[in-house]
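Please open the model in your viewer and keep the selection panel at hand. The tour proceeds by selections, each followed by a description of what is found there.

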Amino acid sequence: MKAKIIVTPKKAVLDPQGKTVQNALEQMGYKGIGAVHVGKYLEIDLPGADAEVWRSQIDGACHKILSNPVIEDYRFVIE
Amino acid sequence: MPMSDPAITPELVRQHNLTPEEFDKIKGILAREPSYTELGIFSVMWSEHCSYKNTRPLLKTFPTKSPRILVGAGEENAGIVDIGDGLAIAFKIESHNHPSAVEPFQGAATGVGGIIRDIFTMGARPVCAINSLRFGPIEAGAGAAHNRRLFGGVVSGIAHYGNCFGIPTIAGEVYFDPSYEDNPLVNAFCLGVLRHEQIARGAAKGEGNPVFYVGPATGRDGLAGAAFASRDLTEESAGQQRGAVQVGDPFMEKLVCEACLELLATDAVAGIQDMGAAGLTCSTCETAARAGTGIEIELSLVPQRAPGMTPYEIMLSESQERMLIIVRAGREDEVKRIFDKWDLPWARIGQVTDTGRMVVKHNGAVVADIPARKLADEAPVYQRESREPAYLQAVRAFSLASVPVSTDPAADLKRLLAWPGIASKNWVYRQYDHTVRDGSVVCPGSDAAVIRLKADSLPPGSANGSAVEKYIALTVDCNAAYVYLDPYEGAKIAVAEAARNLACAGAVPLGTTDNLNFGNPHNPELFWQLKESVRGLAEACRFFDAPVTGGNCSLYNQSPNGPIDPTPTVALVGLIEKREHITTQWFKDEGDAIILLGDVIDEQDPMRGLGGSAWLQGLHQLKTGQPPRCDLEKERSLHNTLRGFIQCGLIKSAHDCSEGGLAVALAESCISQQIARETPRLIGARIDLSFAVAEATRLDALLFGETQSRVIVSVAPLDVVKVVERAKILGVSAVKIGIVGGGELTLKAGKWEGKWPLAELHDLWWNSIARAMAL
Amino acid sequence: MNFAVLQFPASNCDQDALHVVQNVLGLSGRFVWHKENSLAGIDAVIIPGGFSYGDYLRTGAIARFSPIMQAVREFAVKGGPVLGICNGFQILCEAGLLPGALIRNRSLQFRCEHVFLKTVTRQSPFTHTIPAGKILRLPIAHGEGCYFADDPTLEQLEKDDRILWQYADDNGKLTEAANPNGSLRNIAGICNEARNVAGLMPHPERASELILGSTDGRLIFEGLAGWLEGRLAKAA
């Protein structure tokens, strides 16, 4: 079982990386695309098969250390 | 012997880059057939990268001795030079060309990591880094986008590793030429500081002493990178290697460095060596060979990152940031305490023996058993065939008179300042942390960088009385176009220019480290380039009393499109006696007089300075003609005279004339001081070269010719006579050519007069590379 | 007066900070290892630059949980002065001792160059001796120095006079060109509500000696030392 966590910059935060990727895509001919946001993906191996056991711990870890709530949002699934 | 090992066939031997004769020699040494693991071990140890089998006879011609040399070339991982007061510096340059061609970011990053390890392995604290880079053209041409990607990747790789480790990257050079299009050059240099008694040795001394492995676990990274570096770069080899590129971890390196220096201060270490090229193989057999002992290791004790690694893979892996430490028996607990403090993995993997053999076991079974000395020191040595390259006939036949006289020298200067080879490299060095460690006295952007060494530049455990401040100047140079057009003269000029840069900063040379980047030595024409270059380097190093303390050979720098220009990169390190002698290249005060030390033009052949010049390359797309001559006697008098003036406090600025000649050097003296972001300090100059205009003199040759042995200095008005007259007595021509001041650069030569607003010159020079990179 | 310079495993400006404290200012100071949990006998704390724990997750993210940072928190609550430089600023923001966060430079590149700084307020232990109108010239060296906070936080910082330094040109004008990393409102350094905890991205410890080209950074350390002297005298 794995926790799959996605951390993205908050919408209000400058995302120069996303902007650069967007520009590059447009230059390469991928016209008409919208804003790009570059985030992080983390995978954590978890023992056992009961996702609920881990849910609050993973949420805590995301909030406390894996993301910075000032600049980032996160979401995750356990599967 | 593991069952899965492939049978040793002639084909397998060939794949290991070993000739049938070399294979016979191996069988002779072992008195039997080698095992698969042994074949791999011989293959890497006898590669050019580790054995210098093609270059050793040439390298022997380098001057390597001076009373200051404490550890000489080839003895250890890096040479060590005495700088007085019980202090010493360790420095070396090394290439990471092929890995950078395959994966520019990691290739360059691990290049930096490798050279930093070479320095702290000697017991020295690494205090600064410099580098020399070559790429294909970044502005125009079919490959420009690819070249920009390589250039950008290499620079950010160097920045990532050096910045995170916390070492200032303080100088460097970057050139762009089509010959490097598929084979960029990445030469990284590091310098460290220590006290004489702190020198550590890479020798496995003391029978029974335990052998420790320190650092991250071994994976399948960069398998046989040393062998990879010792063959031509092809699509196929690049593809094969991409999967196995080493990945650098500067954080780990920082921990390993601090822990090793802390451990060395305890006196518990009998020998230490990093695992660089050829990893565990090289470090074990070389330490045993140096000490005349044997070494025995058990591979199952080696920390491993990937499951199921074979002995062959473990022995040849080039996983980064690993060290081999031979500990004095009974002192093991100190090792454990220090490495635990730094949260670093360690393992005891074997011990020193008295057998003279390198014995490798895997789960108790012997997988390699080789006489260490024969493996490390008795690689075959080849006298390669050499022949003067055919292209040189065309070079010599080329007449500069066939190049049309410049119709607009004022525009030429602007184009030259914007030419990436000459333009400011701030796009590069602003990505490098060059101010960390509180020692950067002259930052990138002057002829030579200068660092201050102080008490905390030393490793821990240094005795008292080490607080004396020292000033070290560094530069790295090589005009490879000159070397291509005349390897002997070009190599001499590489050293002369480096020594001139040091003199401009006020420094006396201490030593040289060189990086010989050449093509395939089996090609007699390419080997001739190498041979001639080494002849020039050796002669010039001897002349400037700058013995070679070590270096690196990188051969096989070629792709299916051809070889690179021969590039013997030369890094010189010098000592500045006193703080007040430190000199920079930019003009200082309005009203100061500008004096040219050296000849305004090559009088025997006024056109000579244009051969191989930036003017010819950048404005006429021609890389031909005979390059300028370098008279070493004359060059040395210039350096001594200039240093003498600096030491008397007569010189306010000194800038050498190199690419782009007098005009570019003058412009740079006006525009190269940057106070802060977006804020240059511009200071104009009024120049009159009319005295040098003769009927036969072409203006372009006068302005942009690259005649050697010239420096532009500025002095207080009152000192002009003193400087000019004394220079003449010392045999150096000196003539006042202008005055500092005003808001523009003006240049008069007979009837012709050029005027340039400084802001425009600065913009072209400062921003051209950034503009090219934004294409 | 006793300074502590914190040492995380990959701090790399730790020696520079201690060098300035001891050899330039002539004060006493010592390193404090990140695994220690006490600041007993310490009068001021400097959190130096570097990459603390490699900073692979986010700059300063792991450092904030180290044992020594708990002690720093307690030290700050009691009014002890704490100065975070570069990575130290990032750690203080991650630890919640200062508001906002430092994100990737807008150029996406590491930047090492000198910048000009306008001192916005002299109401802090770190700025009180900087002459009014003096433009500081200090080096920066960072890849993630773009100061970010949401609008209410920025308003609050301004209202409370807690912005200490802003990137400016040599005349003190806040221009886009003078901003090396895209920081909101050109912010280079701020302090907390109690004004005893400050962070800045530029490196004053690299500009405290003439030989390094600027002594402007010294003003910050000298200001802090002077303020401490007053504080210690009052306590005695």
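How many of the 11 residues of helix 1 (residues 14–24) of chain C are buried? Select this helix in the predicted model: eight of its residues are buried, and helix 1 of chain C is thus described as mostly covered. The buried positions are D14(C), Q15(C), D16(C), A17(C), L18(C), H19(C), V20(C) and V21(C). To see what lies over them, add strand 1 (2–7), strand 2 (28–33), strand 3 (44–47), strand 4 (82–85) and helix 5 (216–235) of chain C, which are included in the cover. Then step past the end of the helix to G26(C), which follows helix 1 of chain C and has a positive phi, near 70°.

Remain on chain C and display chain A beside it. Here 14 residues of chain C are in contact with 10 residues of chain A. On the chain C side, strand 5 (101–103) and strand 8 (146–148) each supply at least two residues. By character, that side of chain C divides into seven nonpolar, two polar and five charged residues.

Next, display chain B with chain C. This contact takes 27 residues from chain B and 29 residues from chain C. Within chain B, select helix 8 (144–165), helix 11 (250–264), strand 14 (440–442) and strand 24 (673–676); each of these supplies at least two residues of the side that touches chain C. That side of chain B comprises 10 nonpolar, seven polar and 10 charged residues.

Now hide chain C and turn to a sheet in chain B. In what order do its six strands lie? The order is 1-2-3-6-4-5, in an open sheet with mixed pairing. Strand 1 (69–71) and strand 5 (169–176) of chain B stand at the edges; each has a single partner strand, so one side of each is left without a neighbour in the sheet. On average, neighbouring strands of this sheet are turned by 25° against each other, direction ignored.

Within this sheet, select strand 3 (residues 87–95) and strand 6 (residues 185–195) of chain B, which pair in the antiparallel sense over nine bridges. To inspect one of the bridged pairs, label K92(B) and its partner in strand 6 of chain B, C190(B). Add helix 7 (residues 104–120) of chain B: this helix packs on the sheet and touches strand 3, strand 4 (125–135) and strand 6 of chain B. The direction of helix 7 makes about 25° with that of strand 6 of chain B.

Further along the chain, select strand 18 (residues 548–554) of chain B. Why is strand 18 of chain B largely enclosed by the rest of the structure? Seven of its seven residues are buried. Strand 17 (residues 508–517) of chain B runs parallel to strand 18 of chain B, and six bridges join the two. Label N517(B) to find S554(B) opposite, in strand 18 of chain B. Between strands 17 and 18 of chain B, the chain passes through helix 21 (residues 524–543) of chain B, forming a right-handed β-α-β crossover.

For the last stop, select I26(B), in helix 2 (residues 20–30) of chain B. I26(B) counts as buried because it has 23 C-beta neighbours inside 10 Å. Beyond its neighbours within four places in sequence, I26(B) is in contact with P34(B) and F42(B). Finally, draw a distance from I26(B) to S733(B): these residues are 707 apart along the chain, and their C-alpha atoms are separated by 60 Å.

Key: Residues numbered from 1 in each chain as written. Chains lettered and ligands numbered in written order. Predicted model: local features only at pLDDT ≥ 70, side-chain atom pairs only at ≥ 80, totals over all residues. Contact = placed C-beta atoms within 7 Å. Helix = DSSP H or I, 4+ residues; strand = E, 2+ residues; numbered from the N terminus. Nonpolar A, V, L, I, M, F, W, Y, C, P; charged D, E, K, R; others polar. Pairing = 2+ DSSP bridges. Axes fitted to C-alpha atoms, helices over the stretch in contact; angles between N-to-C directions. Buried ≥ 20, exposed ≤ 12 C-beta atoms within 10 Å, placed from the backbone. Right-handed = clockwise from strand over helix to strand, strands pointing away.
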